[in-house]
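Biologist: Could you take me on a close look at a single part of this protein? I would like to hear about one strand and its surroundings, in words I can follow while turning the model on my screen.

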Amino acid sequence: MKANTIVLTLCASAFLAAPAFAQMTTDMGMVKTLAQNDKLTVTENWLKPGQSAEMASRLGAAIYYIQGGTFELDYKDGTKKTATRASGTVRIATDAQPYAPKNVGKTTIHVIVFQPK
């Protein structure tokens, strides 16, 4: 089974199992909690061009890029890196250092994040 199919299946399962959804829109984009338990949080996230997400460690998170794009990753120590992610790809975060991604592209980035607690 392809990784994209697995992630979409997990997302659908989490979506159907969740009794309620929390949604938050800020100047840092929109985050919608799809499901959570004591070990995992599943969120759907949108970043418009110019928007940033919160500074956090994403170690172990599986991130499915529904609509990819170009990010500037701003690390807590002041380091900056640029990364481009293609639509339809999945990435498992291996960097423990906290960072805040900023959408430096021209399209809205849309992802599903499976974040261990």
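Modeller: Happily; what follows is a walk around strand 5, with a few stops in its surroundings.

Please keep in mind that this is a predicted model. To get your bearings, the chain has 1 helix and 9 strands, and along the sequence they follow the pattern α-β-β-β-β-β-β-β-β-β. Of the 117 residues in the chain, 35% are buried.

Now to strand 5 itself, which covers residues 69-75. This strand is mostly covered, with 5 of its 7 residues buried. Who are its neighbours? Strand 5 belongs to an open sheet of 3 strands in the order 6-5-8, with antiparallel pairing. The edges of this sheet are strand 6 and strand 8, each of which pairs on one side only. On average, neighbouring strands of the sheet are turned by 30 degrees against each other, direction ignored. As a general reminder, the strands of a sheet pair through backbone hydrogen bonds, in either a parallel or an antiparallel way.

Let us take the strand 6 side of the sheet. Strand 5 and strand 6 run antiparallel and are joined by 6 bridges. One pair you can pick out on screen is glycine 69 with its bridge partner in strand 6, arginine 85. The two strands form a hairpin, with 4 residues between them. In that turn you will find glycine 78, whose phi is positive, at about 95 degrees.

On the strand 8 side, 5 bridges join strand 5 to strand 8, and this pair also runs antiparallel. Glutamate 72 has lysine 102 as its bridge partner in strand 8, while aspartate 74 is matched there with alanine 100.

While you are on strand 8, have a look at asparagine 103, which lies in this strand. Asparagine 103 counts as buried because its relative accessibility is 1%, and the cut-off for buried is under 20%. A polar atom of the asparagine 103 side chain lies 2.8 Å from the backbone oxygen of threonine 107.

From here we can step over to the largest pocket, which has a volume of about 720 Å³. Its lining has 31 residues, and the closest to the pocket centre are Asn45, Ala53, Glu54, Arg58 and Val113. Our strand takes part here too: strand 5, strand 6 and strand 8 are among the strands that each supply at least two residues of the lining. The most comes from strand 3, which gives 5 residues. By type, the lining divides into 18 nonpolar, 9 polar and 4 charged residues.

A last stop is glutamine 51, found in the loop between strand 3 and strand 4. Is glutamine 51 buried or exposed? With a relative accessibility of 16%, glutamine 51 counts as buried. Its side chain reaches the backbone nitrogen of lysine 48 at 2.7 Å. Glutamine 51 and methionine 30 are 21 residues apart along the chain, and their C-alpha atoms are separated by 9.8 Å.

To come back to where we began: strand 5 sits between strand 6 and strand 8 in the sheet order, and 5 of its 7 residues are buried.

Definitions and conventions:
Residues numbered from 1 in each chain as written. Predicted model: local features only at pLDDT ≥ 70, side-chain atom pairs only at ≥ 80, totals over all residues. Heavy atoms only, no water. 1 Å grid on protein atoms, 1.4 Å probe; cavity = no way out; pocket = protein on both sides within 12 Å on 5 of 7 lines; lining within 4 Å. Points joined across faces, edges and corners; volume = space filled by probe spheres on them. Nonpolar A, V, L, I, M, F, W, Y, C, P; charged D, E, K, R; others polar. Buried < 20%, exposed > 50% of the residue type's maximum accessible area, 1.4 Å probe, protein only. Polar contact = N/O pair within 3.5 Å; in protein donor to acceptor, adjacent residues only side chain to side chain. Pairing = 2+ DSSP bridges. Axes fitted to C-alpha atoms, helices over the stretch in contact; angles between N-to-C directions.
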